[in-house]
Structures are given as C-alpha cells and as structure tokens.
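Q: I have a protein model with a ligand on my screen. How do I start reading it?

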Amino acid sequence: MLTITDLTAGYGRLTALKGIDLTVAKGEIVFVVGPNGAGKSTLLKTVAGLMTPFSGSIRFHHADIAGMAPEKLSREGLVLVPEGRSIFRTLTVEENLALGGMGRRDRDVLESDLEAVLTTFPILRSRYRGVAGHLSGGEQQQLAIARAILQQPALIMIDEPSLGLAPLVIDQVYESLRALNRENGMTLLIVEQSTARILDLADRVYVLRNGHIVLSGPAAELAGGRQLEEAYFGYEAG
Ligand code: ATP
C-alpha cells in the first residue's frame with residue numbers, strides 16, 4: 001500500500017531523513033520507533049505532504065505521491081493524526097467528529113461509521129455534547145483518532161499516540177487501535193519514542209536513529225531479544 005524508497009528530506013541544509021526504505025502492506029500495523037530527534041515526525045510529515053522530500057520516492061497505491069498536497073492525499077485515503085492531537089478544543093466532541101465526516105456524501109454510511117467509532121471509543125459517546133478541551137489527554141487522543149477514521153482513510157499515520165498519557169491509558173488507546181485493525185482492517189503506521197508495549201501491537205517495527213533505519217523486522221522476531229534495544233540506543237553489536 002505504501003512504499004518509501006531511498007527517501008531523503010529535511011529542513012534547509014539539515015538532512016533529517018537519510019535514505020529511508022520502508023513499506024506498509026494493507027492490513028498491517030507498522031511502528032517506527034526512535035529517540036528524540038531521530039526524524040520520526042519528519043517522516044510522517046513528508047509522507048503526509050506537509051514537507052517536500054529532497055529525493056527518493058513515496059508510492060501509495062502505486063502512485064508517486066512525493067510532494068502532493070496534504071488535502072489531496074487525505075482525499076486519496078492517507079490521513080495523519082499529528083503530534084499533539086490537533087483537535088478543536090473549544091468545539092464539542094460531536095462537532096470535532098462532524099469535521100472528520102465533512103465532505104462525505106454518503107450520509108447513511110457516515111451515520112453507521114459514527115456509530116462504530118462511538119462503540120470503539122465509548123468515552124466519546126458519554127462526552128458527546130461536551131467541549132473537547134475538557135477531555136483528558138487520552139480522551140483527546142481517542143477523539144483525534146476517531147475523527148481521522150471518519151475521513152475513511154486507507155492508511156492512518158499517528159504521531160506518538162502515547163505522548164503524555166499514563167500507562168493504563170496507553171493500554172486503552174493501543175487496545176482501540178488493535179480493535180480497529182482486527183475488526184475493520186484499518187492499516188496503521190505509528191511513530192513512537194518509547195518501545196514499551198509496541199511489540200504486542202505491531203506486525204513489523206522499524207528503528208530510526210539519526211535519520212537512518214538501523215533495524216527492521218517482524219515484531220514476533222524482535223520480541224524477547226535485545227536487538228531492538230541495542231539498535232535504539234546505538235550499541236555496537238557483539
Ligand atoms: P521527537 O520525538 O522529539 O518529536 P523526531 O524523531 O520526531 O523527534 P523530528 O522532529 O523529525 O524528530 O526531527 C528530526 C531532526 O530535524 C532533528 O534534528 C530536529 O531538530 C530537526 N527539525 C525538526 N523540525 C524542524 C524544523 N521545523 N526546522 C528545522 N529543523 C527541524
């Protein structure tokens with residue numbers, strides 16, 4: 001579904017991504033993990049069309065999308081939930097969700113999709129008419145993801161869904177992501193700074209450090225070993 005080849009991107013003279021190769025297949029949950037400043041947000045911003053790459057290719061459903069406008073990409077089914085959630089804090093939960101469905105003409109299907117996200121994220125149903133700014137961090141994260149789902153994406157990219165959340169809340173958010181994947185077949189590309197908990201949810205993992213992919217593999221193969229930790233912290237092998 002998504003194939004990134006030899007991608008280089010950055011800011012002015014700073015090259016933040018250096019020859020990235022990464023793929024996401026339909027129905028997969030893929031994580032990119034790496035320390036502060038590794039280039040994780042830059043990667044998602046470049047794929048989402050918020051930055052133009054220096055070089056390399058990004059193919060989504062076989063079309064080259066590098067440099068394509070974000071609005072066009074979201075219409076093509078590629079949606080980013082940025083770091084910090086970007087919900088409208090002064091609007092209600094209902095109004096935030098309505099913005100996700102804006103532009104959709106299939107009102108009947110939208111109604112049933114809305115019902116489905118309120119079932120996946122019950123807290124949003126109970127706070128439906130409340131102001132989004134009064135939700136806790138975890139609830140706001142769920143609202144941002146729910147709103148993205150109502151855009152009917154083929155691929156959702158989420159920048160640090162666990163940021164600022166208590167461990168128990170992270171478990172809840174991850175559990176909802178697992179349900180979306182298992183029950184609705186949603187394809188997910190998720191960036192996280194912490195490697196904690198990700199191996200239970202991920203199909204495959206990439207470790208990004210200093211703009212390079214230093215390790216990648218199926219989560220099942222990385223579980224239990226020290227490989228992931230060593231790549232993350234940059235220890236020499238052996
Ligand atoms: P974090 O977990 O801290 O968000 P990250 O892995 O997402 O880190 P990026 O935000 O992609 O990392 O940053 C990669 C590199 O690009 C860093 O060296 C960072 O300082 C630099 N950078 C990020 N945003 C900008 C910007 N707007 N202008 C200039 N340099 C930037």
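The dialogue below takes the ligand, then the nonpolar cores.

A: This is a predicted model: local features need pLDDT of at least 70, side-chain atom pairs count only at pLDDT 80 or more, and totals for chains, interfaces and linings use all residues. Residues are numbered from 1 along each chain as its sequence is written, and side-chain values use heavy atoms, with hydrogens and water left out.

Q: Which residues come nearest to the ligand?

A: A residue is near if one of its heavy atoms lies within 4 Å. Here 14 residues surround the ligand, and N36, G37, K40, S41 and T42 come nearest. Helix α1 (40-47) supplies the largest share of the shell, three residues.

Q: Which backbone atoms lie close to an oxygen atom of the ligand?

A: Look for polar contacts, pairs of N or O atoms within 3.5 Å. A backbone N or O atom of S41 lies 2.8 Å from a ligand oxygen. For G39, the distance is 2.9 Å.

Q: What does a nonpolar core look like here?

A: In soluble globular proteins, nonpolar side chains tend to be buried together. A core is a set of buried (under 20% relative accessible area, 1.4 Å probe, protein chains only) Ala, Val, Leu, Ile, Met, Phe, Trp, Tyr and Cys residues joined through side-chain atoms within 4.5 Å. The largest core has 46 residues, and F31, L97, L177 and V205 have the most contacts inside it. Helix α6 (residues 137-149) gives the most to this core, six residues. Another core, of 27 residues, lies apart from it and includes V47 and M68.

Terms used:
A polar contact is a pair of N or O atoms within 3.5 Å; within protein, one must be able to donate a hydrogen and the other to accept it, and residues adjacent in sequence count only if both atoms are side-chain atoms. Helices (H or I, at least four residues) and strands (E, at least two) are DSSP runs, numbered from the N terminus. Buried means under 20% relative accessible area, exposed over 50%, partly exposed in between (1.4 Å probe, protein chains only).
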